[in-house]
There are 2 protein chains.
Amino acid sequence: MVTDKSIVQTKYFTFSQPPNELPLESGLKLGPITLAFETYGELNANKSNAILILHALSGDAHVAGMHQGDEKPGWWDSMVGPGKAFDTNKYFVICSNVIGGCRGSTGPSSINPKTNKPYALSFPMITISDMVNAQRFLIDHLGIDKLLCVAGGSMGGMQALQWVANFPQRVRSCIPISTGLKHSPQQIAFDEVGRQAIMADPDWKEGNYYETGQPEKGLSVARMLGHITYMSDQSMEDKFSRKLKDKNYSFKFETDFEVEGYLIYRGDIFVKRFDANSYLYITKAMDYFDLSADKLIPENKTLDSRFLVIAFKSDWLYPPYQSQEIVRLLKSRHVHSSYCEINSTYGHDAFLLEIKEETRLINHFLSNIFKG
Amino acid sequence: MVTDKSIVQTKYFTFSQPPNELPLESGLKLGPITLAFETYGELNANKSNAILILHALSGDAHVAGMHQGDEKPGWWDSMVGPGKAFDTNKYFVICSNVIGGCRGSTGPSSINPKTNKPYALSFPMITISDMVNAQRFLIDHLGIDKLLCVAGGSMGGMQALQWVANFPQRVRSCIPISTGLKHSPQQIAFDEVGRQAIMADPDWKEGNYYETGQPEKGLSVARMLGHITYMSDQSMEDKFSRKLKDKNYSFKFETDFEVEGYLIYRGDIFVKRFDANSYLYITKAMDYFDLSADKLIPENKTLDSRFLVIAFKSDWLYPPYQSQEIVRLLKSRHVHSSYCEINSTYGHDAFLLEIKEETRLINHFLSNIFKG
């Protein structure tokens, strides 16, 4: 049994037999593909207790527990572990990194085996559907036919919905959190400004920066912007108000306000751990995401999967009305679904922070589906 | 009488006698100072019909009418002219550009008479209060003791409020639109990301780019971000939805969605007309803006000025609650004030677009104050 804060390791799965090239939505192919993933708990004998957790834009496979030598646990450690929302005493939890990323899975910073150089922009454009199609081979590899649940927040929620769209027979339940059926023009717009900031940086060099160092300034600007959209007006007021770094205004172009210092700090640490080209590819995948109309459930069809859709009142990046659109669609197709809107002030970040409410909802939802 | 769409000219006023150096909030001084301004209508005999209109971040003195050879009228032409909200048959309307700008008034791109070179970053930091203190000399120059009204949207509204704070005896009424008593951390954060985008551009050269060309890419990113905040989620959906530029996804880092093309276009035209250093200075002035607590009206004092405070429901950059804070303060000090929240979907841009509603409100408000 994996215990809370126990040491975990990221594992790697490479497609080594056909199909070793994945056909992509663009018409191109990608392969061989490596996926980074972690698992927690034990798969039961009839393989009915597997939950796949999907991560957001800058997340990775390390959802919970500690890596040897690290000081911080995984990104959703408060939700995954013994007795937690995704209770690893009962469930076998898998978290898979996405293709296109830079956290162990094949992405633009990976070595292209055909050239022995990083792909850079020769990496094919990928979509949320491509990410999920790759994960399917990991789930096959783990010997799991049907997942008890697919769950995730933000882009993780998009992947969860896409799992249902691509493999409806392989998903017993789905928990999309802080997400929607498609990216809106405002969501596309924020992503595009981030991409333009990266591509405006001369260090980007059309993506060929792997020998010279990445476009840190541009990527940092993109991340700073991201952070504004992850918080709410209210949570920024609560956290920073107009507090100054020093006693008085500098009357210079320096950091006057704590909120400025925070954003710059978040930008600075991000560029140390994330690849700018991955940022471009993954945001583009999110912008292409569109399961509206009949793309989640084909016309005149229904689904056996059950849904728990969670949104947060102050999330203005993925506003509750987008979650309500998911629920409206599900209800119109007679799919079993519950909708919960949590009264949080944390904005989009709430899905990482409102642990108590999420735990209560998810525990209850899963225990109704999984009877051991 | 100035007629609608008639040809107008920008005029320039330079402080040529003491004080030819304006003391600034930073403790530094600036001078000589030129202000670009335009006027419309006629000042009446007892000089009681003068209205000062203040502009937003990227605005200028050209609020209405046509410049010789131009194809488009001033930025608020639908509001200023004979029979309009600010009726130039009745009122003498003045619009003054701000110091720190680049549209004819003294700013960082102006020649510093002491060095015969552009100020660049040797231009002193300015505040909204400094802008207003400079305008006061223009109003003196025009021979006006008491303004019938000060009015403006966004940063124009901040200047209107600051006029009341600095010169309460010289303002009979005030119309702050789509604004607040202070910049919130979220507003500061958006400005800071824009500034970081400009300063990350190597063409910025610590502000010394006047001989080599300005940091167009950085300034364009800042403007693109600005445009997202000026619209609303709803108005972007109404205008762009997920409409594609071409028939299919490009699967490249090119413009796929119309909203992307729109933002890039707005960025491109902005860098042709606006100075990057002015963008830095003016956004900083907005971030420093804070008339909360007793700074608008000193403790235990009241005001004779009358207020019409206007906000727009979908404005999330300067949300209605910030306008309500102004009104709450005014009511608590027994200042005559009306609050109107207009049910628009246009976001912050609404103050430039909801002409019919604004006209009705402002006409009524002004005619109650001005009896001829």
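**Stop 1: the domains of chain A**

Start by colouring chain A by its domain assignment: domain 1 covers 11-182 + 291-369, and domain 2 covers 187-286. Keep in mind as you go that this is a predicted model. Taken over C-alpha atoms, the centres of these two domains of chain A are separated by 25 Å.

Now look at where they meet. How many residues of domain 1 of chain A are in contact with domain 2 of chain A? There are 28 of them, and they touch 22 residues of domain 2. On the domain 1 side, select helix H1 (128-141) and helix H2 (155-166) of chain A, the elements that give two or more residues to this contact. Colour that side by residue class and you'll get 17 nonpolar, ten polar and one charged.

**Stop 2: a pair of helices**

Next, select helix H3 (residues 185-200) and helix H7 (residues 276-288) of chain A. Their axes come within 10 Å and cross at roughly 160°. Parallel or antiparallel, roughly? An angle over 145 degrees counts as roughly antiparallel, so that is what H3(A) and H7(A) are to each other. Turn the view a little and check the handedness too: this crossing of H3(A) and H7(A) is left-handed.

Show the side chains where the two helices touch. From H3(A), pick Ile188(A), Asp191(A), Gly194(A), Arg195(A) and Ile198(A). From H7(A), add Ala276(A), Tyr279(A), Leu280(A), Thr283(A), Met286(A) and Asp287(A). By class, that contact has six nonpolar, two polar and three charged residues.

**Stop 3: where chain A meets chain B**

Zoom out and bring chain B into view. Here 43 residues of chain A are in contact with 43 residues of chain B. Which elements of chain A give two or more residues to the side that touches chain B? Select H3, helix H4 (216-230), helix H5 (233-239), helix H6 (258-273) and H7 of chain A. You've already met H3(A), and it provides the largest share of this side, with twelve residues. Colour the whole side of chain A that touches chain B by class: 26 residues are nonpolar, six are polar and eleven are charged.

**Stop 4: the two copies together**

Finally, superpose the chains. A turn of 180° and a shift of 0.0 Å along the axis lay chain A on chain B with an RMSD of 0.0 Å. The two copies are therefore related as by a two-fold rotation axis. Both copies use the same surface, as 100% of the contact residues of chain A recur in chain B.

Conventions:
Residues numbered from 1 in each chain as written. Chains lettered and ligands numbered in written order. Predicted model: local features only at pLDDT ≥ 70, side-chain atom pairs only at ≥ 80, totals over all residues. Least-squares fit on C-alpha atoms with pLDDT ≥ 70 in both. Contact = placed C-beta atoms within 7 Å. Axes fitted to C-alpha atoms, helices over the stretch in contact; angles between N-to-C directions. Helix = DSSP H or I, 4+ residues; strand = E, 2+ residues; numbered from the N terminus. Parallel < 35°, antiparallel > 145°, perpendicular 65-115°, else oblique. Left-handed = near helix turned anticlockwise from the far one by under 90°. Nonpolar A, V, L, I, M, F, W, Y, C, P; charged D, E, K, R; others polar. Domains from an automatic or database assignment.
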